Amino acid sequence: MLTNAPRGTKDILPSQIESWLRLENKIRELCKVYGYEEIRTPTFEHTELFLRGIGEGTDVVDKEMYTFTDRGDRSITLRPENTASVVRAYLQNKLYANAGLVKLFYIGSMFRYDRPQAGRLREFHQFGVEALGEKNPAVDAEIILLAWEFLKSLGLDDLKLKINTVGCPACRPIFRRKLTEYFTEEADELCGDCRRRLEKNPLRILDCKIDGLKDFMDDAPKIETCLCDDCREHFSALKKFLTAAGVAFEVDNRLVRGLDYYTKTAFEIQYAPLGAQSAVAGGGRYDGLIKEIGGEDTPAVGFAAGLERILLALELQKILPEQNKKIAAFIVAAGTAAEIYSFKLLTDLRRKNISVTMDFGKKSMKAQMKAAAKSGAKFALIIGEDEVATSTVTIKNLETSAQEKIPLQDVSKELEVRCPPFS
């Protein structure tokens, strides 16, 4: 139906905007403290960017991307995530030229063809940060700490940080081979998705929501038995940095994340009351992605957080901010001359950054006063023939019903004194 939004999309209504603005303001404040600068990338990219960046064989590429051919016969994809786009922008605009470590953050819409459910939509919004150009595990810890502090600053409790290492190109092939050998023996017990993953991406079997509950998963090979010295030392240092920052964590050897570009560090922050979809932020290191896309061999690390899921967590904890609908004044005008007089006053007050509105429906004075009461305004500015003739305004306190007539030129000063939060 034309009156319904496409399945998996959702309008963000005026009554909900306060919550979104609060999140976005927190993001920008915290990223400024941490030294991250905002970047905005296109909503769509060449499909090849995601095929190479995310990796074929992942659920995102195989089943979830919105891909189409444009009128120039080019394959285009709505971005399913933003790390690959940020890396492309980093390379195209030579952001690496003036600094060793480039620190960026973004807020924007992503698109995945997935089964819609609470906290998961086909168009969803993410906040993410990317630190490009440094291999020190202290940067991994900084990224994790930024995500943690953001969620804690919103007032969320029951958060749990899980970390893991997924190895690197030197040691991960050993782990993949061991997983393939092990799960081949259990192939008949695997779900359909995991039987496909067995050939393309056996690490993804580890965090399957279906097979993860089966007994044979407990005896699956562990990554720590395959790590090279560099990956082992990196992970050990990360744990020390997190401990120094006072952040509790749990090592989860099944945590692999869903994108192929991760190397070494992988992490998730979970909010348990959300149930099966408990991850509210996650990310890791992706040292090979920049080279894969066409740049030099450059280390990088980042994370993304789903804003819809965070808002759901805030709602569950009953700490969503109240919508502030209050304005300073509502102008009530009686007659054509009063309407012109009122519109000039409305314009003058707004130019002084005072929040004020009026009714444009030529309603009766009684109807306009009812509208003023419903508007959330603290004062009604009443203008009739007498006020026009004497260049005055009757100001009425809608909470106490007290009213007085004041000169027109004093209206803005009076409102600034009487209701400064709304002026």
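This tour moves through a predicted model, from its nonpolar cores to a small set of strands and one helix.

**First stop: the nonpolar cores**

Begin by selecting Val87, Leu132, Phe183 and Leu206. These are the residues with the most contacts inside the largest nonpolar core, which has 52 residues. Next, colour helix H4, residues 83-92; with six residues, H4 gives the most to this core.

Centre the view on Val87 and display what surrounds this residue. Which residues does Val87 touch, once its neighbours within four places in sequence are left aside? The contacts are Leu132, Tyr286, Leu289, Ile290 and Ile293.

A further core, of 45 residues, lies apart from the largest one. To find it, select Val129, Leu161, Val280 and Ala281, which are among its members.

**Second stop: an open sheet**

Select strands E2, E4 and E3, given here in their order within an open sheet of three strands with antiparallel pairing. Strand E2 (44-46) and strand E3 (66-69) are at the edges; each has a single partner strand, so one side of each is left without a neighbour in the sheet. Turn the view to look across the strands: on average, and with direction ignored, neighbouring strands of this sheet are turned by 30° against each other.

Then restrict the selection to E3 and strand E4, residues 75-78, where four bridges make an antiparallel pair. Within this pair, Thr69 is found opposite Ser75 of E4.

**Third stop: a hairpin**

Move on to strand E15 (residues 392-397) and strand E16 (residues 403-407). The two run antiparallel and are joined by five bridges. One position to label is Lys396, whose bridge partner in E16 is Gln403. E15 and E16 form a hairpin, with five residues between them. In the turn, select Ser401, which has a positive phi of about 70°.

**Last stop: helix H14**

Finally, select helix H14, residues 411-418, and show its side chains. Which residues of H14 are buried? They are Val411, Ser412 and Leu415. Why do these buried residues share a side of H14? They cover an arc of only 95° around the axis, and therefore lie on the same side of the helix.

Rotate to the face turned away from that buried side, and the exposed residues Lys413 and Val417 come into view. Return to the buried residues of H14 and add their surroundings: these residues pack against strand E12 (327-333), helix H11 (336-351) and strand E14 (377-383). They also pack against E15 and E16, the strands of the hairpin visited at the previous stop.

Terms used. Residues are numbered from 1 along each chain as its sequence is written. This is a predicted model: local features need pLDDT of at least 70, side-chain atom pairs count only at pLDDT 80 or more; totals for chains, interfaces and linings use all residues. Side-chain values use heavy atoms; hydrogens and water are left out. A nonpolar core is a set of buried Ala, Val, Leu, Ile, Met, Phe, Trp, Tyr and Cys residues joined through side-chain atoms within 4.5 Å. Buried means under 20% relative accessible area, exposed over 50%, partly exposed in between (1.4 Å probe, protein chains only). Contact means heavy atoms within 4.5 Å. Two strands pair if DSSP finds at least two bridges between them. Axes are lines fitted to C-alpha atoms, for helices over the stretch in contact, and angles run from 0 to 180 degrees between N-to-C directions. The arc is that of the directions from the helix axis to the C-beta atoms.
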